[in-house]
Amino acid sequence: MLNTQIAPLIRQLSHSEKLLLLNLLVAELLDESGLVPLPVENKPVSQGLHDSFEAADILSKLLAEKKELVHG
Amino acid sequence: MADKLRFAFTAVDISFGALGMLPYLPLVLTSQSQSVSVSGLLDTGSTVNVLPYEIGLELGAVWENQRISVPLGGNLARFEARALLLTADIAQFPSVELAFAWTRDRNAPLILGHMNFFITFDVCFYRSELMFEISSKML
């Protein structure tokens, strides 16, 4: 299928479209593997569980929402 | 009902004697109707509770149904984690709700961290005695 149908279509794509397709495939593979992309921004990266504050904040909000649902 | 309970450290590697002993807490986790008996490492250096992938599956949790992504750092940053709320029963204490970062890492340990184990329980470590004591803040 790849050679007969998909490959000719891919060759018709522009350079930018091929890059975007590549990006899509990488994202799909990462998602299927349960992996998260490596950070590319210059923001500080959490070094470990000791400074996963964003994660703690998300869990805290989830618990608060659940409590609100149960107790009103 | 006792307001404080003491537990012994668990031997993880007996070849190292006391150095190979760590504070693991026995607890029963429940999700809807399924329960699993586990031991969680009390980790004051962890901001969150962490649930290994397999235990979540044993509890009947469905990965695709957990929509809230939880970004973890360090070794666990390579794996996606999602928020999962579970009921926990610890000895004679009243049941509590614990929020976990459910990681796709199949080799991750079950960690009890600040959010929200240490928010729910006070813990005193007696390392020289290889014991720890917990008390519920709800009592």
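Which residue takes a positive phi in the hairpin of β7(B) and β8(B)? That would be B:Ala91, at near 45 degrees, in a hairpin with 6 residues between the strands. Keep in mind that everything here comes from a predicted model, so let's look at the confidence before going further.

**How far to trust it**

For chain B, the mean pLDDT is 94, and 98% of its residues reach 70 or more. For the complex, the predictor reports an ipTM of 0.88, along with a pTM of 0.78. As a general caution, where pLDDT is low, the predicted coordinates should not be read in detail.

**The two chains**

Chain A is helical in its assigned elements: 3 helices and 0 strands, following α-α-α along the sequence. Buried residues come to 8% of its 72 residues.

Chain B is another story, with 2 helices and 11 strands. Starting at the N terminus, its elements go β-β-β-β-β-β-α-β-β-β-α-β-β. Its radius of gyration is 15 Å, close to the 14 Å that the globule rule gives for 139 residues, so chain B is as compact as a globular protein of that length. Measured out along the principal axes, the C-alpha trace covers about 45 × 35 × 25 Å. Of the 139 residues in chain B, 36% are buried. Looking at contacts in chain B with a separation of 6 or more, 59% come from residues 24 or more positions apart.

Where the chains meet, chain A puts in 20 residues and chain B puts in 27 residues. On the side of chain A that touches chain B, the residues split into 10 nonpolar, 7 polar and 3 charged.

**Around β8 of chain B**

Why is strand β8 (residues 96-103) of chain B described as largely enclosed by the rest of the structure? Because 6 of its 8 residues are buried. β8(B) also has partners in two senses. Strand β7 (residues 81-89) of chain B pairs with β8(B) in the antiparallel sense, over 8 bridges, and in this pairing B:Ala81 stands opposite B:Thr103. Strand β6 (residues 49-51) of chain B runs parallel to β8(B), joined to it by 3 bridges. There, B:Leu51 has B:Trp102 as its bridge partner. If you're following side chains along these strands, the general rule helps: in a regular strand the side chains alternate between the two faces of the sheet.

**The open sheet**

Chain B also has an open sheet of 3 strands, in the order β1-β11-β10, with antiparallel pairing. β1 (4-8) and β10 (121-126) of chain B stand at the edges with a single partner strand each, so one side of each has no neighbour in the sheet. From one strand to the next, the twist averages 20 degrees.

The pairing between β10(B) and strand β11 (residues 131-136) of chain B is antiparallel and runs over 6 bridges. One pair to look for is B:Phe125 with its bridge partner B:Phe132 in β11(B).

**Backbone oddities**

Most residues other than glycine have a negative phi, and most peptide bonds are trans. With that in mind, here are two residues in loops of chain B that go the other way on phi.

| Residue | Phi | Loop in chain B | C-beta atoms within 10 Å |
|---|---|---|---|
| B:Ala91 | near 45 degrees | between β7 and β8 | 14 other C-beta atoms |
| B:Leu130 | about 55 degrees | between β10 and β11 | 16 other C-beta atoms |

Neither B:Ala91 nor B:Leu130 is a glycine. What about their surroundings? A residue needs 20 or more other C-beta atoms within 10 Å to be buried and 12 or fewer to be exposed. With 14 such atoms, B:Ala91 is partly exposed, and B:Leu130, with 16, is partly exposed too. As for location, B:Ala91 lies in the loop that leads between β7 and β8 of chain B, the pair that forms the antiparallel match over 8 bridges. B:Leu130 lies in the loop between β10 and β11 of chain B, a pair from the open sheet.

Which residues does a cis peptide bond join? They are B:Met115 and B:Asn116, with omega at about 5 degrees. B:Asn116 is placed in the loop between β9 (111-112) and α2 (117-120) of chain B.

Definitions and conventions
Residues numbered from 1 in each chain as written. Chains lettered and ligands numbered in written order. Predicted model: local features only at pLDDT ≥ 70, side-chain atom pairs only at ≥ 80, totals over all residues. Helix = DSSP H or I, 4+ residues; strand = E, 2+ residues; numbered from the N terminus. Rg over C-alpha atoms; globule rule 2.2 N^0.38 Å. Contact = placed C-beta atoms within 7 Å. Pairing = 2+ DSSP bridges. Axes fitted to C-alpha atoms, helices over the stretch in contact; angles between N-to-C directions. pLDDT = per-residue confidence, 0-100. Nonpolar A, V, L, I, M, F, W, Y, C, P; charged D, E, K, R; others polar.
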